[in-house]
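Me: Please take a close look at a single residue of this model, and set that residue in the context of the chain around it. A connected account would be preferred to a list.

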Amino acid sequence: MEVDIAGQTAEVAGEENPILAAVVAALGANGATVSHAGSGGETGAGAPDILILSHPLAPDVAGRPGDLAALAETRAAAMVARGKGRIVHLVSAAGLVPMRRHPAWSAQHAGAIAAMRGLAMASGPAVQVNAVAVGRIDEAAGDAAMLTHVPLGRAGTAADVAHAVLFLVDPLNSYTTGQSLAVDGGWTTGYGRNF
């Protein structure tokens, strides 16, 4: 997928995983300069054009959503002062539809989605804040049990998630904020679950 983000700056923070790597590669391939928070190349108290926040996407990985929410608020404030910006959270689809097998993980991601929506309200109209809710992606995200209830009948790829992120940061996408775009093969549609 191609979008026009040439010359923009992007900062990424959170869990390093194959999905984030695919997002970083896609942003770079479309002309953005990407830095990692804490790498020395980040924007400090300033504002990147794009901020990507990677929450733990596997149920057995503990996360610190408060740290990512605090970073999002800081960057959003600077983006508002500048007059524009995009923030995208990478969260689990289990935050949209809780999994009985992983209640704490589901709650953690539901909280991240709620924080995203609150920030979207607080930082509009200058900043668009959204999430990509990730289902079972190869071996990088989700629970294998999700595949028994995916209407498309297969796991997704990291590239599927990267394309969704590119859509959300595309300058032509000017009217989407506070949304969770599920990239889950239809898992959250309500197809008969037994977990």
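Reply: A residue counts as buried when its relative accessible area is under 20%, as exposed when that area is over 50%, and as partly exposed in between. The model discussed here is predicted, and the residue chosen is V129, which is found in strand 5. Its relative accessibility is 0%, so V129 falls in the buried class.

What surrounds V129? Apart from residues up to four places away in sequence, V129 touches I87, H89, M116, L119, A120, S123, T177, G178 and Q179. A further relation is one of distance: L51 lies 78 residues from V129 in sequence, yet the two C-alpha atoms are 9.3 Å apart in space.

These local contacts belong to a wider assembly. V129 is one of the residues with the most contacts inside the largest nonpolar core, together with L53, I87 and W187, and this core has 29 residues. Two or more residues of the core come from each of strand 3 (50–54), helix 2 (65–82), strand 4 (85–92), helix 3 (103–123) and strand 5 (127–134). A second core, separate from this one, has 28 residues, with V12, I50, I52 and V165 among them. As a general background, nonpolar side chains tend to be buried together in soluble globular proteins.

The setting of V129 can also be read from the chain as a whole. The protein chain contains four helices and six strands, and their order from the N terminus is β-α-β-β-α-β-α-β-α-β. Of its 195 residues, 51% are buried. Among contacts with a separation of 6 or more, 76% join residues that are 24 or more positions apart.

Charged side chains provide a second kind of link. Side chains of opposite charge can pair when their charged atoms come close. The structure holds two salt bridges. In one of them, R75 meets E11 at 2.7 Å, N to O. This pair connects distant parts of the chain, with R75 in helix 2 and E11 in strand 1, 64 residues apart. Both R75 and E11 are buried.

The other bridge joins R82 to D49, whose closest N and O atoms are 3.6 Å apart. Here too distant parts of the chain are linked: R82 is in helix 2, D49 is in the loop between strand 2 (33–36) and strand 3, and 33 residues separate them. The relative accessible area of R82 is 37%, so R82 is partly exposed. D49 has a relative accessibility of 15% and therefore counts as buried.

The outer surface completes the picture. The protein chain exposes about 8,400 Å², and carbon and sulfur atoms supply 57% of that area. M1, F167 and L181 make a nonpolar surface patch of about 250 Å². M1 is placed in the segment before strand 1 (9–14), and its relative accessible area is 47%, so M1 is partly exposed. V129, by contrast, has 0% relative accessibility and is among the residues with the most contacts inside the largest nonpolar core.

Terms used
Residues are numbered from 1 along each chain as its sequence is written. This is a predicted model: local features need pLDDT of at least 70, side-chain atom pairs count only at pLDDT 80 or more; totals for chains, interfaces and linings use all residues. Side-chain values use heavy atoms; hydrogens and water are left out. Patches are made of residues with over 30% relative accessible area and no salt bridge: like charges are joined within 9 Å, nonpolar side chains (Val, Leu, Ile, Met, Phe, Trp, Tyr) within 5 Å. Accessible areas come from the Shrake-Rupley method with a 1.4 Å probe; for residues, only the protein chains shown count as cover. A salt bridge is a side-chain nitrogen of Lys or Arg within 4 Å of a carboxyl oxygen of Asp or Glu. Buried means under 20% relative accessible area, exposed over 50%, partly exposed in between (1.4 Å probe, protein chains only). A nonpolar core is a set of buried Ala, Val, Leu, Ile, Met, Phe, Trp, Tyr and Cys residues joined through side-chain atoms within 4.5 Å. Contact means heavy atoms within 4.5 Å.
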